[in-house]
Amino acid sequence: MKKVINILLILCIAGLAYIYYGSIMGPINFEKEKSIRDDAVIAKLLAIKEAQAEYNNTYGQGYCNNFDTLIAFVKEGRLPIIKKIGALTDAQLEAEWTESKILKLYDEASIAEELSKSLKGAKAAQKAKQAQQLWDSAISAGFVSVNEDGTREFSFYRDTVWVDMMDSLFHGKINVDSLSYVPYSDGKQFELATAADTSAKTGLVQYSFYAQAPFEWFLGGLDKQEIINLLEKCDDRGSYRGLKVTNESGNWD
């Protein structure tokens, strides 16, 4: 009888230890797995935000309200990248040179030079003189030097290079074709909506968008009680029951 009681005591102690261990490790394991899934969803939401920002920059009339159009825009679009060579010195800044002034000087000199080639007689000579004066200004300011063969070297230059939008935005980290799908959700798509509100004060139209996914979509299979606790915390704070991004920020910030 004593042996049976000892066995039962051992089993009870083991059961209590298991329950105690579970009460400690359960929330820890939940938070660990939740963090992994949150990160995957946030990466998608940030990618959506970047794509929407470029869409609005390109068209200037708000954000895209469906993923098919947004994905096609990203796959087919190109972005300008400004290649910068050189920086203004303190002396050049004191002489009130600015990037826009320098680039304008280059444009005026180049246009005058091209016109001198297409014109004849006095007009051609006049434009050639104007072009030389402008190039001389750039040379004396230290922006341009002339090689022995007459070619010019630019120490300050800006050039626009066009790159594929998909590569520029996502760098191969996000499959754009799956942009609309919520990770760990068995194929559910992010909820996407746009709005255009007119300011009563200024009369200007303010465009906005949001994309979101409820926690229950991508936390499926994890501890149900922990999910319930999470949703209750959201309700207590009056916050969205999931992860959401707008044109301004994400609710995880």
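## Close-up views of a predicted model

**View 1. Cys 64 is buried in this predicted model, with a relative accessible area of 2%.** Another cysteine, Cys 234, is buried as well, and its relative accessible area is 1%. A disulfide is a covalent bond between the sulfur atoms of two cysteines. The structure holds 0 disulfides.

**View 2. Arg 158 lies in strand 4, which covers residues 157-164.** Arg 158 has a relative accessible area of 14%, and because buried means under 20%, Arg 158 counts as buried. Leaving aside neighbours within four places in sequence, the residues in contact with Arg 158 are Ile 82, Lys 83, Lys 84, Ile 85, Gly 86, Glu 99 and Leu 103.

**View 3. The side chain of Arg 158 has polar partners at Ile 85 and Glu 99.** At Ile 85 the partner is the backbone oxygen, which lies 2.9 Å from a polar atom of the Arg 158 side chain. At Glu 99 the partner is the side chain, and the polar contact between the two side chains is 3.4 Å.

**View 4. A nonpolar patch on the surface is formed by Ile 85, Phe 154 and Tyr 157.** Together these residues have about 220 Å² of accessible area. Tyr 157 belongs to strand 4. Tyr 157 is partly exposed, with a relative accessible area of 31%, whereas Arg 158, also in strand 4, is buried at 14%. Ile 85, a member of the patch, is also among the residues in contact with Arg 158.

Methods
Residues are numbered from 1 along each chain as its sequence is written. This is a predicted model: local features need pLDDT of at least 70, side-chain atom pairs count only at pLDDT 80 or more; totals for chains, interfaces and linings use all residues. Side-chain values use heavy atoms; hydrogens and water are left out. Helices (H or I, at least four residues) and strands (E, at least two) are DSSP runs, numbered from the N terminus. Buried means under 20% relative accessible area, exposed over 50%, partly exposed in between (1.4 Å probe, protein chains only). A polar contact is a pair of N or O atoms within 3.5 Å; within protein, one must be able to donate a hydrogen and the other to accept it, and residues adjacent in sequence count only if both atoms are side-chain atoms. Contact means heavy atoms within 4.5 Å. Patches are made of residues with over 30% relative accessible area and no salt bridge: like charges are joined within 9 Å, nonpolar side chains (Val, Leu, Ile, Met, Phe, Trp, Tyr) within 5 Å. Accessible areas come from the Shrake-Rupley method with a 1.4 Å probe; for residues, only the protein chains shown count as cover. A salt bridge is a side-chain nitrogen of Lys or Arg within 4 Å of a carboxyl oxygen of Asp or Glu. A disulfide is a pair of cysteine sulfur atoms within 2.5 Å.
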